[in-house]
Amino acid sequence: MRYLTAGESHGPQLTTIIEGLPSLLPITSEQINYDLKRRQGGHGRGRRMQIEKDLVEIVGGVRHGKTLGSPVALVVNNDDWKHWTKIMGADPLPEDVDPDEIKRQVSRPRPGHADLVGGMKYGHRDLRNVLERSSARETTVRVAVGSVAKALLNELGISIVSHVTEIGGVKADPTKSEGKSTEEIRKIVEEDPVYCLDPEASAKMVQLIDDTKKEGNSIGGVVEVIVEGLPAGIGSYVHYDRKLDGKLAQAMLSINAFKGVEFGLGFEMARKKGSDVHDEILWSEEEGYTRNTNRLGGLEGGMTTGMPIVVRGVMKPIPTLYKPLQSVDIETKEPFKASVERSDACAVPAASIVAENVIAWEVAKAIIEQFHSDQLPQLKTQIDEMRKYAKEF
Ligand SMILES: Cc1cc2nc3c(=O)[nH]c(=O)nc-3n(C[C@H](O)[C@H](O)[C@H](O)COP(=O)(O)O)c2cc1C
Ligand SMILES: C=C(O[C@@H]1CC(C(=O)O)=C[C@@H](OP(=O)(O)O)[C@H]1O)C(=O)O
């Protein structure tokens, strides 16, 4: 199973084609739009999100609410496009138009964004040609793709949720997620302005975002994704590129501004003894093999253990700063401190939705690749059999 995306931040639309989904999978634009709306939200977003109202159009591969087995094509329009049609149009400019008048040429690279190196790499002296595609606007369709993956996981009894655990050094109480199902977590974060489970920490995060914005600065944070209901044995230990933890880490780090990833106890493991890290193995008639703890975050040897996957990603602060850092104009080679028109001060809550959806995709892909999956009913039968087999093993 694979997908590609195309489209620029201020172009007409973002497009994706997903290939390899089983047939007979129920999909609605309503469930995709629910995720798109959540990705647009969260305290700290900039003015662009007031312009956009992200709604998906399913333009291929689905009929009367079910996949056909053919490629699924999804489109999300950029409402801002109407302001950028001349600046971002695909056709050559008419001869009577002066390009300098309308191109909104960018020659001042922002430290921390893709502008400078992207320009060097692709030979663009107008850095707009870089920032238009390196923009996290692209995560809109990646969330739509993940939403389709979640529809598949849901059919297999697998659920997934994300929440924000830290913003700018303010940490949520880690015990707040203990003993809660993914559904319970979702209900709480849906109501919270920064998608956090801890109301006290959330209030401090909101305040910190506001203060940071006033200072013309930006902040990052940490998001956690939990996947529940997985059978044991998804992924493999036999080859480096089949290890599920490796694939999930890549997916997490592929999100714009994500710089680190950890599973279970994560980097804390470096400070603990083996007896405080590994999850002891138990067996009972009713449950089969279980663990009392899940300190490894649901993965051993690149495979699911049957316990929930717990994976976190760290997002650096947004690079575009209202009080900017030192940089160099690539035309004049003069130093400058740029002013900016608009930017997010903190996009950690929005990024938690992106994280949830890219992880959902990666888990769904691993399942599709491991089982015969032309049709959803066949896939369901195999997953049920695998669960039964693992219990009796
Ligand atoms: C949801 C989301 C929103 C973002 N919004 C902005 C923004 O408004 N301004 C900005 O400079 N960067 C923003 N970023 C981060 C940049 O896209 C990112 O830093 C850039 O693509 C460079 O990639 P890198 O940080 O992974 O090296 C956002 C990232 C995410 C995930
Ligand atoms: C458009 C989105 O985020 C954008 C991500 C982004 C960046 O540099 O990554 C820069 C900003 O773009 P603009 O300059 O158009 O305001 C954000 O608004 C979005 O999340 O849908």
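The following paragraphs describe two sheets, the surroundings of two ligands and the annotated binding-site residues in a predicted model.

An open sheet of four strands is present, with the strand order β1-β2-β6-β3 and antiparallel pairing. Its edges are formed by β1 (2-6) and β3 (56-60), each of which pairs on one side only. Direction ignored, neighbouring strands in this sheet are turned by 20 degrees against each other on average. The antiparallel pair of β1 and β2 (residues 13-19) is joined by five bridges. Within this pair, Ala 6 is placed opposite Thr 15 of β2.

Two helices lie across this sheet. Helix α1 (residues 29-40) crosses β3 and β6 (72-77), and its direction is at about 140 degrees to β3. Helix α7 (residues 139-155) lies across β1, β2, β3 and β6, and runs at about 30 degrees to β2.

A further open sheet is built from five strands in the order β8-β7-β9-β15-β10, again with antiparallel pairing. Here the edge strands are β8 (170-171) and β10, each pairing on one side only. Five bridges connect β10 with β15 in the antiparallel sense, and Gly 260 stands opposite Val 314 in β15. Helix α8 (residues 182-190) packs on this sheet, where it touches β7 (159-167) and β9 (221-228); the helix direction makes about 50 degrees with that of β7.

Ligand 1 is surrounded by 21 residues, of which Ala 136, Asn 256, Thr 320, Asp 344 and Ala 347 are the closest. By class, this shell divides into 10 nonpolar, nine polar and two charged residues. Helix α11 (residues 348-370) supplies three residues, the largest share of the shell around ligand 1.

The shell around ligand 2 consists of Ser 9, Gly 46, Arg 48, Ser 135, Ala 136, Arg 137, Thr 140, Asn 256, Arg 342, Ser 343 and Asp 344. One of these residues is nonpolar, six are polar and four are charged. Ala 136, Asn 256 and Asp 344 are listed around ligand 2 and also among the closest residues to ligand 1.

Binding-site annotations were taken from UniProt. An unreviewed entry there places the feature "binding site" at Arg 133, Ser 134, Ser 135, Asn 256, Ala 257, Gly 301, Lys 316, Pro 317, Ile 318, Pro 319, Thr 320 and Arg 342. These positions span 210 residues of sequence and are also spread in space, with up to 44.8 Å between C-alpha atoms. Ser 135, Asn 256 and Arg 342 from this annotation belong to the shell of ligand 2, while Asn 256 and Thr 320 are among the closest residues to ligand 1.

Two of the annotated positions were examined individually. Asn 256 is located in the loop between α10 (244-253) and β10 (258-263). This residue counts as buried because 20 C-beta neighbours lie inside 10 Å of Asn 256. Apart from its neighbours within four places in sequence, Asn 256 is in contact with Ala 136 and Thr 139. Ile 318 is found in the loop between β15 (309-315) and β16 (327-328). With 25 C-beta neighbours inside 10 Å, Ile 318 is therefore classed as buried. Its contacts, leaving aside neighbours within four places in sequence, are Ser 218, Ala 257, Ser 343, Asp 344, Ala 345, Cys 346 and Ala 347. Asp 344 and Ala 347, both in contact with Ile 318, are also listed among the closest residues to ligand 1.

In an unreviewed entry, UniProt also places the feature "binding site" at Arg 39 and Arg 45. Arg 39 belongs to helix α1, the helix that lies across β3 and β6. Arg 39 counts as buried because it has 27 C-beta neighbours inside 10 Å. Residues up to four places away in sequence not counted, Arg 39 touches Thr 139, Thr 140, Val 143, Ala 350, Ile 353 and Val 354. Arg 45 lies in the loop between α1 and α2 (48-51). A residue is buried only from 20 such neighbours upwards; Arg 45, with 19 C-beta neighbours inside 10 Å, therefore counts as partly exposed. Beyond residues up to four places away in sequence, Arg 45 touches Asp 344, Ala 347 and Ala 350. Ala 350 is thus listed for Arg 39 as well as for Arg 45.

Technical notes. Residues numbered from 1 in each chain as written. Chains lettered and ligands numbered in written order. Predicted model: local features only at pLDDT ≥ 70, side-chain atom pairs only at ≥ 80, totals over all residues. Near = placed C-beta within 6 Å. Nonpolar A, V, L, I, M, F, W, Y, C, P; charged D, E, K, R; others polar. UniProt positions renumbered as here; feature names shortened; annotations may be inferred. Buried ≥ 20, exposed ≤ 12 C-beta atoms within 10 Å, placed from the backbone. Contact = placed C-beta atoms within 7 Å. Pairing = 2+ DSSP bridges. Axes fitted to C-alpha atoms, helices over the stretch in contact; angles between N-to-C directions.
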